[in-house]
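Here are some exercises for getting to know a new structure. Try each task on the model yourself before you read its solution.

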Amino acid sequence: MRLRNRTILAIAILLLCLFLVQVFLDYRQVQVDALEVAQQQASTAQSELVSQSGDKPQSNQTHSPPAFSGFIRVLQQNLLTQGVGFLLVFVMLSWLLNRTLLTPMARLKQVVDEMGRGNYSAATDLSDSSGFEGISRSLAILADEITQKELALNRQKGLYSVLSHTNKTIIRNESSQVIFERFCQIAVTYGGFTAAWIGEVKQAEKEIHPLTSANISGDLVGKSVISLDLDNPLGVSVAGNCPVIIDEIDWQTDETTWHLSVGSNIGQSAAVFPISLNSQVRAVLAVYAEQENYFDDAIRDLLEEVVSDLAFAMENYERTQAHKAAHRELEASSDNLAQLNRQMRLLLESTGEGIFGVDKQGDCSFINQAAAGMLGYQQSQLQHQPIHELIRLPELSQQPFNVGMSKQQAPRRVKDESFRRKDDSIFPVEYSTYPIVENGQVQGSVSVFRDMTETRSMLREMRFLASHDPLTHLLNRHAFDQRLREAFAEAKDFGVEHVLCYMDLDQFKVVNDTCGHGAGDTMLRQLSHHLRQAIGADGVLARLGGDEFGLLLERCDLESGLRVTERIFDTVKRFRFSWEGRSFSCAVSIGVAVLDPNMESPHNVLSAADTACYVAKDMGRNRVHVYRPYDEEISRQQGQMRWVNRIESAIQQERFRLLQQPIMSLASHAIGDEHVEVLLRMQDEEGNDVLPGAFIPAAERYNLMGSLDRWVIRNTFSWLSRNPGRLEELGLCAINLSGQSLGDGNLHEYILEQLREFGLPAEKISFEITETAVVNRLDQATRFISLLKRRGFHFALDDFGTGVSSFAYLKSLPVDYLKIDGSFVQNMLNDPVDYAMVESINRIGHLMGLQTIAEYVESDQILEQLIEIGVDYAQGFGVVKPSPISSVGSGAGPASWG
């Protein structure tokens, strides 16, 4: 464009020059022609003059034509041509002038006008060929600078708006959480920031927990936790308690991992400001901007002011809340004080203790109703009276209650004194006197007293009960052990002998089970009274627990001690206990041990007598047995005690295993009608099987059967659960329960818990309980069976036929099977009575709707007889021998002993 303008200008100048040259040449030609004409005219005129005058010609003088008139003639001659030329030149010069000067000037004016109206981008629209390149660049630079300043000004206006709205929010004095939430929204809405968030600083955990955010996608608050490591701006800001500016954020590098929790691409620059209270950073503010290098000094200063306002808001809110809490506490304290005053008045009048006040002169200043009532006065009769003279004994009446307090100012406590009532009766009291101090001076005292008549009576009773059995008023176990230790020490020091008797009542549980514990307690009280009379002052009698008694015959030899036991036997034999028209007799088994210097300890003496007592019970009860170290019965009893350790060790080391013995149906061979009984075996330390007859008696005597029964239940259920095919084949799986387990009130809950855990059908499980156990615990057995029958379990009465009056209680016992005792089945081929017993048990069982099972079936002949009689099931070595449950214990783990 610029080249074309110059070409047109050159052509215009060239045309003008040509035009001027042509005019000049024409002008010169006109001058020559005019000169020649003039010369001719002059010559002609001279000739004519000479001819007329005859004078000689004068010198050669010529007259040149005027230049201006020649030039005019030239112009006149070339007027048309030159006019056209001038017109063309003028047009071209006008166009060129308009193109090169007037149009750019007009565009420049337009751009300046646009910039004046605020459109600074118009500076870039100036043409490069207009000749104003420098002006265009200057205007563009000027426009850019003005734009940047306006942007900065707008940013500052936005921040001032943020500051203004924030302060309006702060004025409302709301919680920090609310202020933070509103500030983040204000920062994005009015401040021009792309995003903002505030997090709480946990200095101890070195973490930031975001509290609120604005314009951040995702669930930042409540789930994100940002580390305060020094390798990120947040950690640096908190550690240094200073702002941190990030001018350029590179979202692609690992250096921005602290941003990942808030999302990427929310800005190209960021700033972090700590919010501090008392030089401790409590929170942190992070804001983001779309442009790089956004946070200049002005913006930073304004943000620091905003952060300072936020810190002030936090402090102000906390201070306000503290003031409110203090005000509430003050109001509560006022209410409490008023309530306390009311309570004090109520306390003074409602308490059972006597309270009265005494002034410096010893006169009563106040007294509550309880004190006046205990002293037999009206309150008005004692107020302003010398109370110490009225209520204290004569020998103490001259000593005021606050005597000696003027210097020490300490409470005075008296535990053993007596007060005098108005009627001059005396009662024991315990009182405390507290000084009333004002300005460091004792102005009086307050005394609190209580009537100790009943308390001292209770203390005597408590001291008695600490050493005596509350039911029989005999010595208790603790006091008896103390007397036994004293006797042992005397035997060791002086070589004297004492005799220790351990007594156990026989058949006492019959009274408890048939008539209840009330009857049993009454029987024990009556029998204890008779025993104390029979023994007299010869010995120390104590109740050791339940129906067990101890007797210590001090400084007594064995012969004299046995004479005392004869009196005891005679007393018990003659004793009769009556309850609700029923009469009961009683017997006693006694174990005797001599306490001499050879005994190792009091415990060993008591253990020896206990062992001898159990021997007496095992030998038929109602007798006495003397402990001797090499006694065969004692050794057997001690052997049973050793079995306890072996059983407990086998339980811990999992040396018990289960066997299964089929119970064959004699009437049906259908699939699903197969019954089995689970049997328990113990392995000794060498891995040999130990039959139940060796360890069950010891387990029963020392209360271990409950643990063994639970072990069997859990492991049987586990085996059935892990063998669903075997479970499907079985019609019933029988598990034996001991009599001790019937007394366990929590066993049925344990069974149901195991049933739920292993997911077994209850109708596949049957529990076998011996007839003897049921008779001894009839009420407990009936309740236990009824609870589990409702859930679908079956029950069998084991060893039936050996108990007393079996058929009497059978009608009310909800069992499903009768297991005929094997002692009848074994000899039924040779003993008609045994045969008749089997036959009668089977017949009566069927009449009652029960199925029968014969035990100890050892031969085919017995099996044939049972089929002929109509017995339903048979079990024994003649049917199938027991076989191991190979998978028991695998994966089941130790049993829960609960």
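What follows is a set of tasks on this predicted model, each with a solution in steps.

**Exercise 1: The chain as a whole**

Find out how many helices and strands the chain has, and what share of its residues is buried.

Solution. Start with the count: the chain has 29 helices and 28 strands. Next, look at burial, where "buried" stands for under 20% relative accessible area. Of the 898 residues, 42% are buried. Finally, take the contacts with a separation of 6 or more: 62% of them come from residues 24 or more positions apart.

**Exercise 2: The sheet with E1 to E6**

Work out the order of the 6 strands in this open sheet, then find the helices that pack on it.

Solution. Going across the sheet, you read E3-E2-E1-E6-E5-E4, with antiparallel pairing. The edges are E3 (226–227) and E4 (244–246), each of which pairs on one side only. Now for the helices. Helix H6 (residues 233–240) packs on the sheet and touches E1, E2, E3, E4, E5 and E6. The direction of H6 makes about 30° with that of E5. Helix H7 (residues 297–350) packs on the sheet as well, touching E5 and E6, and its direction makes about 35° with that of E5. Last, zoom in on one pair: E5 (residues 269–277) and E6 (residues 280–289) are joined by 9 bridges in the antiparallel sense. In that pair, serine 269 sits opposite alanine 289 of E6.

**Exercise 3: The sheet with E7 to E11**

Here's an open sheet of 5 strands. Which strands stand at its edges?

Solution. First, get the order: E8-E7-E11-E10-E9, paired antiparallel. Strand E8 (364–367) and strand E9 (412–420) each have a single partner strand, so they are the edges, and one side of each is left without a neighbour in the sheet. From one strand to the next, the twist averages 30°. Then pick out E10 (residues 426–438) and E11 (residues 441–451), an antiparallel pair with 10 bridges. Glutamate 438 is opposite glutamine 441 in E11. To finish, add helix H12 (residues 453–467), which lies across E9, E10 and E11 and runs at about 115° to E10.

**Exercise 4: One face of H14**

Find the buried residues of helix H14 (residues 508–515). Why do they line one face of the helix?

Solution. The buried residues are Phe508, Val511, Asn512 and Cys515. Look down the axis of H14: these residues fall within an arc of 105°, so they line one face. What do they pack against? Their neighbours are strand E12 (498–506), helix H15 (517–535), strand E15 (577–579) and strand E16 (582–584). Step just past the end of H14 and you meet glycine 516, with a positive phi of about 100°.

**Exercise 5: The partners of E20**

Track down how strand E20 (residues 674–683) is covered and how it pairs with E19, E22 and E21.

Solution. Check the cover first: 8 of the 10 residues in E20 are buried. Then take the partners in turn.

- E19 (residues 656–665) pairs with E20 in the antiparallel sense, over 8 bridges. Leucine 658 has leucine 680 of E20 as its bridge partner.
- E22 (residues 730–737) runs parallel to E20, with 5 bridges between them. Here glutamate 674 is matched with leucine 730 of E22.
- E21 (residues 689–690) pairs antiparallel with E20 over 2 bridges. Glutamine 683 is opposite aspartate 689 of E21. These two strands make a hairpin with 5 residues between them, and glycine 687 in the turn has a positive phi of about 90°.

**Exercise 6: H23 against H25**

At what angle do the axes of helices H23 (residues 747–758) and H25 (residues 778–789) cross?

Solution. The axes come within 10 Å and cross at roughly 20°. Angles under 35 degrees count as roughly parallel, so H23 is roughly parallel to H25. The crossing is right-handed. For the contacts, look at Leu747, His748, Ile751 and Leu752 of H23, which meet Phe784, Leu787 and Leu788 of H25.

**Exercise 7: The two sides of E25**

Which residues of strand E25 (residues 817–820) point one way, and which the other?

Solution. Tyr817 and Lys819 point one way, Leu818 and Ile820 the other, and all are buried. On to the pairing: E24 (residues 794–800) runs parallel to E25, joined by 3 bridges, and leucine 797 is opposite leucine 818. E26 (residues 851–854) also pairs with E25 in the parallel sense, over 4 bridges; isoleucine 820 has alanine 854 of E26 as its bridge partner.

Terms used: Residues are numbered from 1 along each chain as its sequence is written. This is a predicted model: local features need pLDDT of at least 70, side-chain atom pairs count only at pLDDT 80 or more; totals for chains, interfaces and linings use all residues. Side-chain values use heavy atoms; hydrogens and water are left out. Buried means under 20% relative accessible area, exposed over 50%, partly exposed in between (1.4 Å probe, protein chains only). The arc is that of the directions from the helix axis to the C-beta atoms. Contact means heavy atoms within 4.5 Å. Two strands pair if DSSP finds at least two bridges between them. Axes are lines fitted to C-alpha atoms, for helices over the stretch in contact, and angles run from 0 to 180 degrees between N-to-C directions. Angles under 35 degrees count as roughly parallel, over 145 as roughly antiparallel, 65 to 115 as roughly perpendicular and the rest as oblique. A crossing is left-handed if the near helix is turned anticlockwise from the far one by less than a right angle, and right-handed if clockwise.
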